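Open your viewer and keep the selection box handy. We will walk through the chain stop by stop, picking residues as we go.

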Amino acid sequence: MRKIQQKKSFMIIGLGRFGANIAKMLANMDADVLAIDIDEESVTKVAPFVPHCLVADSTKANALKELGANQIDHAVVAIGNNLQASILTVLNLKNFGVKKITVRADEEGHKEVYRMLGATEVIIPEEATALSLANQIMSDSILDYYQLSEDYTMVKISVGEGFEPKSIIDMNVRVLFDVNIVGVIKNDKFAIPKPMDLIVPGDILVVVGTKDNYSKFEQFLNVKSKPKVEEKKPAPEKKAQAKPKANAKETKKK
Ligand code: ATP
C-alpha cells in the first residue's frame, strides 16, 4: 500500500501523450503523483520523469485499491480511445470515493456519459487547446489563457494605453465585474495584488472569472483613448454649410 503524504495526491491513469504529459508536469511541480498504464512500454517511457510509475489495469477494482485509490485526491483518466475501460475506471474511482475525477474524452457525445457516471470534469484535449488559442487570438489584450473548470478561466489581460490609472480597490472589480485579480505583473515582475496597488497602462493583470465577466473587465481595461477634438477646426466648416449646396459639397470633399 502506498503511503499518502500531506500534499495533494494525484493518480494519472493511461500514459498516452496526454496522460504522460500531465504526469510529467505534475511531477515537475513536485506534486505527489502516481502514474499507471496497462502497457509496460508506456510506463517505461514515463518512468524517468515520474518517480511513482506502475503497470496496472484500472478497470480492476482490486488493482486500484492496492494502489491506494481510496486515498487519492484527484484522478485523471486519460485512457481516451477505450470507452469501456474509461467508464469502468470512472466507476471504480467513484466507488473508492475519489472526489475529483477528470476524464479525457475523445468525442463530444461521451462527455455526458462520463458526467453521469460522476466525473467532475470532462475535457477533449484538442477542444481545450483550440479554445485557448481562439481566446488568445480574439483579443490582443488577452495574453494567456488557462481553463480552470468548465465555467472559470484564468487569463492574463494587458492594460491598454487609454486606461486612466486607478487603484485595485477603486476598480471595485468583484462587485462591478465579478472577477478576481490574483496577480499583477509590472515590468515583468509578478506580485500578489494589494488593494492600494495602482494599475496603469502597460501592466498585466492575472484574472479569474467566467468568460462573460472577464471579457467585460478586459473591455474596461482597454477603453480607447478619447479622440482629440481640437485636431479638427469645425468653425469655418459650419459657416460653409450655410452657403449654397454646391459649395457645401466642395467643403466635404476636402
Ligand atoms: P494521445 O491521443 O494523447 O496521443 P494515445 O492515443 O497514445 O494518446 P490512448 O491510446 O488513447 O493514448 O490510450 C492512453 C493510454 O491508456 C494507453 O497508453 C493505454 O495503454 C492506456 N490504457 C488503456 N486501457 C487501460 C487500462 N485499463 N488501465 C490502464 N491504462 C490503460
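The tour below starts with the whole chain and then moves from one selection to the next.

**The whole chain**

Please keep in mind that this is a predicted model. Show the cartoon first: the chain has 11 helices and 13 strands. Of its 254 residues, 26% are buried. Among contacts with a separation of 6 or more, 56% join residues that are 24 or more positions apart.

**The largest nonpolar core**

Now select I12, I13, A23, A35, A75 and V77. In the largest nonpolar core, which has 36 residues, these touch the most other members. To see where the core draws its residues from, colour β1 (9-13), α1 (17-28), β2 (32-37), β4 (74-77), α4 (83-95), β5 (100-104) and β6 (121-123); each of them supplies at least two.

Zoom in on A35 next. Which residues does A35 touch, once those up to four places away in sequence are set aside? They are I12, L15, A23, V46, V50, H52 and C53.

**Along helix α4**

Stay with α4 and look at it from the side. This helix has 13 residues and reaches 18 Å from its first C-alpha to its last, close to the 18 Å expected at 1.5 Å a residue. Show side chains for S86, T89, V90, N92 and L93, the buried residues of α4. Why do they sit on the same side of α4? They cover an arc of only 160° around the axis, and that puts them there. As a reminder, an α-helix has 3.6 residues a turn, so residues three or four places apart point the same way.

Add what covers those buried residues: β1, α3 (61-66), β4, β5 and α5 (108-117) are among the elements to display. Before leaving, click on G97, which follows α4 and has a positive phi, near 80°.

**Around the ligand**

Centre the view on the ligand. How many residues surround the ligand? There are 21, and the closest are G14, G16, R17, F18 and G80. The elements giving two or more residues to this shell are α1 and β2, and α1 gives the most, with 3 residues. If you colour the shell by residue class, you will find 8 nonpolar, 9 polar and 4 charged residues.

**From β2 into α2**

Move to D39, in the loop between β2 and α2. D39 is partly exposed, with 13 other C-beta atoms within 10 Å. Draw a distance from D39 to V55: the two are 16 residues apart in sequence and 6.4 Å apart in space, C-alpha to C-alpha.

Then pick T44, which lies in helix α2 (residues 40-46). T44 is partly exposed, with 13 other C-beta atoms within 10 Å. Here too you can draw a line to V55, which is 11 residues from T44 in sequence and 9.1 Å from T44 in space, C-alpha to C-alpha.

**Helix α9 and the second core**

Go on to I199, V206, Y214 and L221. They are included in a second, separate core of 18 residues.

Now select helix α9 (residues 211-221), where Y214, F217, E218 and L221 are buried. Their arc around the axis is only 105°, which puts them on the same side of α9. The elements covering them include β7 (142-147), β8 (152-158), α8 and β13 (204-210).

In this helix, also pick N213. Is N213 buried or partly exposed? N213 counts as partly exposed, because 19 C-beta neighbours lie inside 10 Å and a buried residue needs 20 or more. Apart from neighbours within four places in sequence, N213 is in contact with F177, D178 and V179. Y152 is 61 residues away from N213 in sequence and 9.8 Å away in space, C-alpha to C-alpha.

**Two positive phi angles**

For the last stop, recall that most residues other than glycine have a negative phi. Select N172, in the loop between α7 (168-171) and α8 (173-176). N172 is not a glycine, yet its phi is positive, about 50°. With 10 C-beta neighbours inside 10 Å, N172 counts as exposed.

Finish at D188, in the loop between β10 (180-186) and β11 (189-191). D188 is also a residue other than glycine, with a positive phi near 70°. With 6 C-beta neighbours inside 10 Å, D188 counts as exposed.

Technical notes: Residues are numbered from 1 along each chain as its sequence is written. A nonpolar core is a set of buried Ala, Val, Leu, Ile, Met, Phe, Trp, Tyr and Cys residues joined through C-beta atoms within 7 Å. A residue is buried if 20 or more other C-beta atoms lie within 10 Å of its own, exposed if 12 or fewer, and partly exposed in between; C-beta atoms are placed from the backbone. Helices (H or I, at least four residues) and strands (E, at least two) are DSSP runs, numbered from the N terminus. Two residues are in contact if their C-beta atoms, placed from the backbone, lie within 7 Å. The expected span of a helix is 1.5 Å times one less than its number of residues. The arc is that of the directions from the helix axis to the C-beta atoms. A residue is near a molecule or strand if its C-beta atom, placed from the backbone, lies within 6 Å of it. Ala, Val, Leu, Ile, Met, Phe, Trp, Tyr, Cys and Pro count as nonpolar, Asp, Glu, Lys and Arg as charged, and the others, Gly among them, as polar.
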